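Hello,

I am passing a structure on to you, with some notes on what was found in it. Please have it open while you read.

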Amino acid sequence: MSRNTPPGGAVPEPPLWETLIQNAKDAEAEGERLQKVLARVGFGSRRICEDLIADRRVTVNGEIAVLGRRVDVSRDEVCVDGHPVGVVPGLVYYLMNKPEGVVTTSADTHGRPTVIEMVPEEPRVFSVGRLDIETTGLLILTNDGQLTQHLTHPSRGVEKEYIAEVECGPRGVSNGALRELREGVELEDGWTAPAQVGQPEVGVLRIVIHEGRNRQVRRMCEAVGYPVIRLARTRIGPLRDTRLAPGEWRELTLDEVRALSGAVEDIDMDTIES
Ligand code: URA
């Protein structure tokens, strides 16, 4: 019989305090060390990552992390310098130059080719927002639902830049129409937010919007009297790539994922979650 076993053989309950301490230790022992997670996603050696933590640049769920902190990457939000880091293993991010004639829905009832068929089957990804079947240009595909939700937030989505070739006379799009596009156009689903609009060449518009309504650019141009002939998306937030040929795709670099997360960081999370 051990020293602590009372006569009669019953094993005593540990005192409440010890139980609480042990529970806290068990909870902490779950998950991976923060510096290991940061090193894995490309912040440098573990030593460098320890320095990041010691310099108070890393937060976990909004609190400054201390050395030795463990995280559960499926649950905890880890940020470096305020930017969420893509720490969840298994998340993928592709950037595609969507060609014409391909739809961005996951499956098409009319049997048309989809962007999903152009990337690896596993892990399953979805397109972030939509591009019309005729529209070409940059499209993100990912299995990161949170980033998708942030990027497509209706009122505060990231900037998207389009180049639109429009039907017009030899004098191009009038200054009045450019002004209307910039200030907002009344569409059947309401006024559009102010946009940045320029005409780098006669009949070619460069339009930057942050909303993502269905066929928005086409409808805006049509509404001011200049129907779109061709439309391409040339930038999503901080992402550009003029080297991707139509139909090509590549994985985003870690820096690009971070830059994208940074571009949405100002979005009011309460608004998104409600
Ligand atoms: N606006 C459009 O009109 N079409 C697109 O595909 C994207 C934006």
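The notes below cover an open sheet, a buried strand with its partners, and the surroundings of the ligand. Please keep in mind that this is a predicted model.

The open sheet. Four strands make up this sheet, in the order β3-β2-β5-β6, and their pairing is antiparallel. Because β3 (63-64) and β6 (83-84) stand at the edges with a single partner strand each, one side of each has no neighbour in the sheet. Strand β5 (residues 78-80) runs antiparallel to β6 and is joined to it by two bridges. In this pair, Val 80 has His 83 of β6 as its bridge partner.

Strand β9. This strand spans residues 136-142, and seven of its seven residues are buried. Three pairings of β9 are worth listing:
- Strand β7 (residues 93-98) is antiparallel to β9, with six bridges between them; Tyr 94 stands opposite Leu 141.
- Strand β8 (residues 126-127) is also antiparallel to β9, through two bridges; Phe 126 has Thr 142 as its bridge partner.
- Strand β15 (residues 228-236) runs parallel to β9, again with two bridges; here Thr 136 stands opposite Ala 232.

The ligand. Around the ligand are Leu 131, Asp 132, Thr 135, Arg 215, Gln 216, Val 217, Arg 218 and Leu 231. By class, three residues of this shell are nonpolar, two are polar and three are charged. Helix α6 (residues 216-223) contributes the most to the shell, with three residues.

Regards

Note on methods. Residues numbered from 1 in each chain as written. Predicted model: local features only at pLDDT ≥ 70, side-chain atom pairs only at ≥ 80, totals over all residues. Pairing = 2+ DSSP bridges. Near = placed C-beta within 6 Å. Nonpolar A, V, L, I, M, F, W, Y, C, P; charged D, E, K, R; others polar. Buried ≥ 20, exposed ≤ 12 C-beta atoms within 10 Å, placed from the backbone.
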